[in-house]
Structure formats: C-alpha cells, structure tokens
Amino acid sequence: MSSIKRLMPRLQATLFRLQFEEQMNNIKPDVVSVTAACEELSKSQSFTKLLEIILLVGNYMNAGSRNGKAFGFSISYLCKLRDTKTADLKQTLLHFLADVCQEQYPEIMGFADELVHVEKASRVSAETLQKNLEQMGRQIKTLEKDLETFPPPQNDKDLFVEKMHEKLDLLHKNMEKQYTDLGQYFVFDPRKISVEEFFGDLNTFKNMFQQAVKENQKRKEAEEKIKRAKLAREKAEKEKEEKLKKNQHLDINTDGDETGIMDGLLEALQSGAAFKRKRGPRQAANHRRAGHAVTSILAKELMQEDTPPSSQLPAKKKKLEEKEEPKLEGAEELLGATLSRSN
C-alpha cells in the first residue's frame with residue numbers, strides 16, 4: 001500500500017464513491033419532487049383560474065378601501081381564506097369559493113390532481129437539502145481538483161481518473177432554476193421564501209379546499225334531509241285537514257237530508273197527497289174493469305120499470321164505501337213508513 005502514490009486522497013475519493021449512491025438516494029427524491037412541483041404549478045390552468053377567482057372576490061370585498069383593485073396577492077394569503085366567516089359563523093370564505101367553483105366552474109375542481117408533487121415538495125427541508133448539497137459540492141470540487149492534478153496511471157487497470165459526479169450537480173442546478181422561475185411567475189423572492197415554506201402553504205391550501213368541498217356536501221345533504229322532512233310533515237297535515245273537512249261536509253249533508261224528509265212529510269200531510277196511493281199497472285186495470293161492471297149494473301137498474309127497493313141501495317152504497325176504505329188504510333201505511341224512515 002505504501003507504494004501507491006497519493007494513497008490518502010485515493011482512499012477519500014473511494015469512500016466518497018462508495019457513499020455517493022446513498023447520498024444520491026437521500027437528495028435526489030427531494031430535488032425531483034421540488035422540480036416536478038414547480039413544473040406542475042407553472043402548467044396548471046385550473047389553479048391559475050382559481051387564483052383569478054380569489055383575486056376577483058378579494059377585490060369585490062375590499063372595494064372602496066386601500067386594498068381594493070389589487071393586481072395580485074401573496075400565496076400565503078390562501079391559508080387565511082378560512083379566517084373570514086359569515087355572519088352566522090357557519091361558513092367561511094373558503095366554503096363560498098368551493099361552492100362557486102363547484103357550481104359555475106367545475107373544471108377548477110380538479111386542480112388538486114394536477115399538483116401531485118406539491119405534498120412531497122412541502123416536506124423538503126430546504127436547509128437540510130442545502131447542507132447536503134454543499135457538502136457534496138465540496139467533495140466533488142476536491143475530487144475534481146485531485147483528478148486535474150493526479151499523475152498519470154501507473155498501469156492500464158488504474159481507472160481512477162474517470163468522471164463519476166456530474167449527474168447530481170446538473171439535477172440540482174435545474175431545480176434551482178425551476179424554483180427561481182416559479183418565483184418570477186408568482187412574484188415572490190425565492191431567497192426570502194424557502195422551498196419548504198412555499199410548498200407547505202400550497203399543500204395546506206389544497207387540503208383545506210378539499211375539506212371545504214366535503215363539508216359543503218355534508219351541509220347540503222343535511223339541508224335536503226330537513227327539507228324532505230318538512231315537506232312530508234306539511235303533506236301529512238294537509239291530508240289531515242282535507243279528511244277533517246270531508247267528514248264535516250258529510251255530517252252537514254246528513255243533517256240536511258233529515259230536514260228535507262221532515263219538510264216533505266209536513267208538505268204531504270198539508271196537501272193531502274200522503275193519503276193517495278199510487279196504482280200500479282195491474283191495479284189500474286182491475287179498477288177500470290170494476291168501474292165498467294158497476295156502470296153496467298146501474299144502467300140495467302135504471303132501465304127497469306119497477307123502482308128497486310130502498311133496501312138495496314144502501315147495500316150497494318155500503319159495498320162501494322167498503323171498496324174505498326182500503327185507500328185510507330194504504331195512506332196510513334205510507335204515513336207510518338215515512339215516519340219510521342225519518343226517525
């Protein structure tokens with residue numbers, strides 16, 4: 001080992017090479033998440049439309065004040081939308097915005113699906129990432145210097161001079177450029193607002209918005225349930241009232257029928273119609289035949305020369321009177337039936 005030139009730098013470079021994969025696995029996912037989140041925010045049309053609506057609502061609410069007619073707002077303001085509440089303290093401005101977007105701008109509701117890497121980016125510690133990258137940077141610079149000043153290999157199997165670190169450095173530079181461009185797009189200073197803070201606010205707002213949508217849905221379901229119960233109660237009360245009115249109407253008609261029966265009975269008694277029985281077709285025919293027979297007998301008696309004894313006439317009169325008596329009996333039966341029906 002003592003025959004190997006510059007053994008200590010070689011050992012340090014070899015250790016760095018062995019740990020390089022582990023350090024890459026610790027740093028690369030964070031770099032990729034931040035880079036992807038920056039690209040998603042820049043390309044998301046639905047999130048841009050949502051910011052326009054929030055700016056419009058804010059200018060409307062602040063009309064006439066010094067905050068009116070604003071051209072923009074800080075991203076951190078998104079998390080404060082829940083602080084503005086209605087007069088009854090049941091809903092917030094965030095609930096209102098969720099309702100407006102769901103009813104009038106349904107295409108905005110999918111903005112959370114376009115910001116897939118925001119949650120991962122919000123967990124990236126910019127300070128830790130920077131320290132790890134600076135440490136790797138120092139190691140890489142040392143390695144580059146060693147490679148530049150390293151003597152030529154002693155044999156063909158010495159491959160130490162080959163490069164092995166450019167990829168991570170390029171990824172990090174690309175991430176920094178993306179975040180700087182994002183700061184220009186949303187008008188904030190990337191040096192004052194860290195990656196963790198910026199994407200943390202965005203992730204919090206995304207979760208709050210989705211929660212507000214769920215709460216609105218539950219509130220609407222509860223209101224619909226109360227509305228259905230109210231309609232069912234009103235319908236039951238209406239049916240009950242109609243049934244009660246129908247029963248009262250039937251009672252009034254029954255009383256009127258009894259009064260009509262009594263009035264008709266009194267009128268029949270006064271006019272004498274109650275004592276006249278209606279004859280059926282057979283009774284009327286029998287009565288006519290009986291009348292013709294009586295007429296024939298009287299004609300024969302009148303044509304006789306001798307005057308009939310006076311004792312016969314009363315007998316005939318008696319028979320005629322007996323034939324007329326059933327009429328009165330029939331009237332009495334009709335009167336009795338009518339009185340019974342009235343009772």
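How many nonpolar, polar and charged residues does the lining of the second largest pocket have? The model is predicted. By class, that lining has eleven nonpolar, four polar and three charged residues.

**The pocket**

The second largest pocket has a volume of about 410 Å³. It is lined by 18 residues, and the closest to its centre are G72, F73, S74, I75 and F186. Two elements each give two or more residues to this lining: α2 (45-61) and α8 (195-271). Of the elements, α2 gives the most, with four residues.

**From the pocket to a helix pair**

Helix α2 also packs against another helix. General terms help here. Two packed helices are described by the angle between their axes and the distance between the axes. For α2 and α3 (residues 93-104), the axes come within 11 Å and cross at roughly 125 degrees. That angle makes α2 oblique to α3. The crossing of α2 past α3 is right-handed.

Which residues meet in this contact? From α2 come L50, I53, I54, V57 and M61, and they meet L93, L97 and C101 of α3. By class, the contact has eight nonpolar residues, no polar and no charged ones.

**Class make-up of the two sites**

| Site | Nonpolar | Polar | Charged |
|---|---|---|---|
| Lining of the second largest pocket | eleven residues | four residues | three residues |
| Contact of α2 with α3 | eight residues | no residues | no residues |

Helix α2 thus appears in both settings: it gives four residues to the pocket lining, and L50, I53, I54, V57 and M61 to the contact with α3.

Terms used. Residues are numbered from 1 along each chain as its sequence is written. This is a predicted model: local features need pLDDT of at least 70, side-chain atom pairs count only at pLDDT 80 or more; totals for chains, interfaces and linings use all residues. Side-chain values use heavy atoms; hydrogens and water are left out. On a 1 Å grid over the protein atoms alone, a cavity is a set of points where a 1.4 Å probe fits but cannot get out, and a pocket is an open set with protein on both sides within 12 Å along at least five of seven lines; lining residues have an atom within 4 Å of a point. Grid points are joined across faces, edges and corners, and a volume is the space filled by probe spheres set on the points. Ala, Val, Leu, Ile, Met, Phe, Trp, Tyr, Cys and Pro count as nonpolar, Asp, Glu, Lys and Arg as charged, and the others, Gly among them, as polar. Axes are lines fitted to C-alpha atoms, for helices over the stretch in contact, and angles run from 0 to 180 degrees between N-to-C directions. Angles under 35 degrees count as roughly parallel, over 145 as roughly antiparallel, 65 to 115 as roughly perpendicular and the rest as oblique. A crossing is left-handed if the near helix is turned anticlockwise from the far one by less than a right angle, and right-handed if clockwise. Contact means heavy atoms within 4.5 Å.
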